[in-house]
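Student: I should like a close look at a single part of this model, namely its aromatic pairs. Please treat the matter in one connected account.

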Amino acid sequence: FVACKWVKLIELLETEELPCIVWVQHTLTAHAIEEMIKEHFPYFTVGIMMGGTKVADRTALKKRFQAGELTVLIMHPAVGKYGHTLTAAKTVYYLERGWNAEEYYQTLFRARRITSTHSVKLVYLLATLPNGKKTIDHLVHKKLTKRSKNAMKISAKELIGSL
């Protein structure tokens, strides 16, 4: 059922605004998605930023993405959660998500900043079983969404309290 999300991602890349960020949890997924994208869109440029990516390479990927030299940046939330401004992104795909609410919360702010000049579309890919039943994707989505809303409320109260 995971493959259906991958196929849907490829379909969406045909119509959604680019450049984009694709958030994944697993290195194998990152490389498989890169291959699929290159197979379907040989003119796309793709970068991968995972835990094993050296700091210098991360900086170079970030600069290339911001300069419009990368069509797709595939990232792991733990690597991309701090210190990355990726405001060139027009669309952000959540292909795989883990339970870490802090990582998820931080990913929401990589592509959108106060200085942003355009809106960013967030796309959550959630698998459903053939019989229509929900998968673990739906539970993770529900929990992370609830946690991020609570974190935003707390952050807003702290911000207002500091004024």
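**Aromatic pairs and a charged patch**

Tutor: Before the rings, one point of orientation: K143 lies in helix α6, which spans residues 136-162. The model is a predicted one. At 35% relative accessibility, K143 counts as partly exposed, and together with K134, K142 and K146 this lysine forms a patch of positive charge on the surface.

Turning to the aromatic side chains, the structure holds six pairs of this kind. One of them joins Y94 and Y124: the ring centres are 5.0 Å apart and the planes meet at 15 degrees, so the pair is stacked, given that planes under 30 degrees apart count as such. Y94 belongs to strand β4 (residues 91-94) and Y124 to strand β5 (residues 121-124), so the contact ties together parts that are 30 residues apart in sequence. The two partners may also be described by their burial. Y94 is buried, because its relative accessible area is 3%, while Y124, at 26% relative accessibility, counts as partly exposed.

Y124 also forms an aromatic pair with Y104, and this one is tilted, with 6.4 Å from centre to centre and 55 degrees between the planes. Here too distant parts of the chain are linked, since Y104 sits in helix α5 (residues 101-107) and Y124 in strand β5, 20 residues apart. Y104 is buried, with a relative accessible area of 5%. Y124 thus takes part in a stacked pair with Y94 and a tilted pair with Y104.

Elsewhere, ring pairs link F41, Y43 and F44 into a cluster.

Conventions. Residues numbered from 1 in each chain as written. Predicted model: local features only at pLDDT ≥ 70, side-chain atom pairs only at ≥ 80, totals over all residues. Heavy atoms only, no water. Patch = residues over 30% accessible without salt bridge, like charges linked within 9 Å, V, L, I, M, F, W, Y side chains within 5 Å. Areas by Shrake-Rupley, 256 points an atom, 1.4 Å probe, with all protein chains shown as cover. Salt bridge = Lys/Arg side-chain N within 4 Å of Asp/Glu carboxyl O. Lys, Arg positive; Asp, Glu negative; His and termini not counted. Charge placed at Lys NZ, Arg CZ, Asp CG, Glu CD. Helix = DSSP H or I, 4+ residues; strand = E, 2+ residues; numbered from the N terminus. Buried < 20%, exposed > 50% of the residue type's maximum accessible area, 1.4 Å probe, protein only. Phe/Tyr/Trp six-rings, centres within 6.5 Å; stacked < 30°, edge-to-face > 60°.
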